[in-house]
Amino acid sequence: MTERKILLAFKKIQQCKEQAYYLEALLRIYHLNIEIIRFMNSTFSASALGKEIKVKHELQQLIEEVQARANLKSIVSKKNLKLLKPWLASMEVFFKTLKSENPSNTKILLQQGEQLFGILKISASKILISLKD
């Protein structure tokens, strides 16, 4: 993952929003946030998890890793990571609803996802800068 890849993905999300494709934008922001979480987890953790692990478990492992290592608290705080839990739960409900009917909370989840993306992007940028050194 690079800064350029993150910015390109976010640019595509903004284009979807401008064209009123909110569902596509929501799916893209969801996958981008998950990808950043996996990147942070793979950077901090020595064990290789792969993509078969659930996001909730990966987030929990990331929170535990931040608690265990004091030097990571300057990169990402436990408080910021805990903000992701309710959004992930809402997204789970969203996907279950999507199977049976048209969900009505797409724009709200998209706004929340963008806010969380901002938090994750700051942490990812700090990681990328520290990797260059």
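## The nonpolar core

Let's start on the inside of this predicted model. Its largest nonpolar core is made of 36 residues, and those with the most contacts inside it are Met 40, Phe 44, Leu 81 and Trp 87. Helices α1, α2, α3, α5 (84-100) and α6 each supply at least two residues of this core. Which helix gives the most to it? That is α2, with eleven residues.

If you wonder about the background, here is a general tendency: in soluble globular proteins, nonpolar side chains tend to be buried together.

## Salt bridges between helices

Now let's turn to charged side chains. How many salt bridges does the structure hold? There are seven. One of them joins Lys 5 and Glu 35, whose closest N and O atoms are 2.8 Å apart. Lys 5 sits in helix α1 (residues 3-18) and Glu 35 in helix α2 (residues 22-44), so this pair ties together parts that are 30 residues apart in sequence. Both partners can be found on the model with a little patience. Lys 5 counts as partly exposed because its relative accessibility is 46%, and Glu 35 also counts as partly exposed, at 32%.

A second example pairs Lys 17 with Glu 114, with 3.1 Å between the closest N and O atoms. Here Lys 17 belongs to helix α1 and Glu 114 to helix α6 (residues 106-132), so the salt bridge ties together parts that are 97 residues apart in sequence. Are these two residues buried or exposed? Lys 17 is partly exposed, with a relative accessible area of 26%. Glu 114, at 17% relative accessibility, counts as buried, because the cut-off for buried is under 20%.

## Another salt bridge

Arg 69 and Glu 65 form a salt bridge too, and their closest N and O atoms lie 3.1 Å apart. Try finding Arg 69 in the structure: with 29% relative accessibility, Arg 69 counts as partly exposed.

## A positive patch on the surface

Finally, let's look at the outside. Which residues gather in a patch of positive charge on the surface? They are Lys 73, Lys 78, Lys 82 and Lys 85. To locate Lys 73, look in the loop between α3 (55-68) and α4 (78-82).

## Putting it together

As you turn the model, you can look for each of these features. Inside is the core of 36 residues, to which α2 gives the most. Among the seven salt bridges are Lys 5 with Glu 35 and Lys 17 with Glu 114. On the surface is the patch of positive charge that includes Lys 73.

Methods
Residues are numbered from 1 along each chain as its sequence is written. This is a predicted model: local features need pLDDT of at least 70, side-chain atom pairs count only at pLDDT 80 or more; totals for chains, interfaces and linings use all residues. Side-chain values use heavy atoms; hydrogens and water are left out. A salt bridge is a side-chain nitrogen of Lys or Arg within 4 Å of a carboxyl oxygen of Asp or Glu. Helices (H or I, at least four residues) and strands (E, at least two) are DSSP runs, numbered from the N terminus. Buried means under 20% relative accessible area, exposed over 50%, partly exposed in between (1.4 Å probe, protein chains only). Patches are made of residues with over 30% relative accessible area and no salt bridge: like charges are joined within 9 Å, nonpolar side chains (Val, Leu, Ile, Met, Phe, Trp, Tyr) within 5 Å. Accessible areas come from the Shrake-Rupley method with a 1.4 Å probe; for residues, only the protein chains shown count as cover. Lys and Arg count as positive and Asp and Glu as negative; His and the chain ends are not counted. The place of a charge is taken as NZ of Lys, CZ of Arg, CG of Asp or CD of Glu. A nonpolar core is a set of buried Ala, Val, Leu, Ile, Met, Phe, Trp, Tyr and Cys residues joined through side-chain atoms within 4.5 Å.
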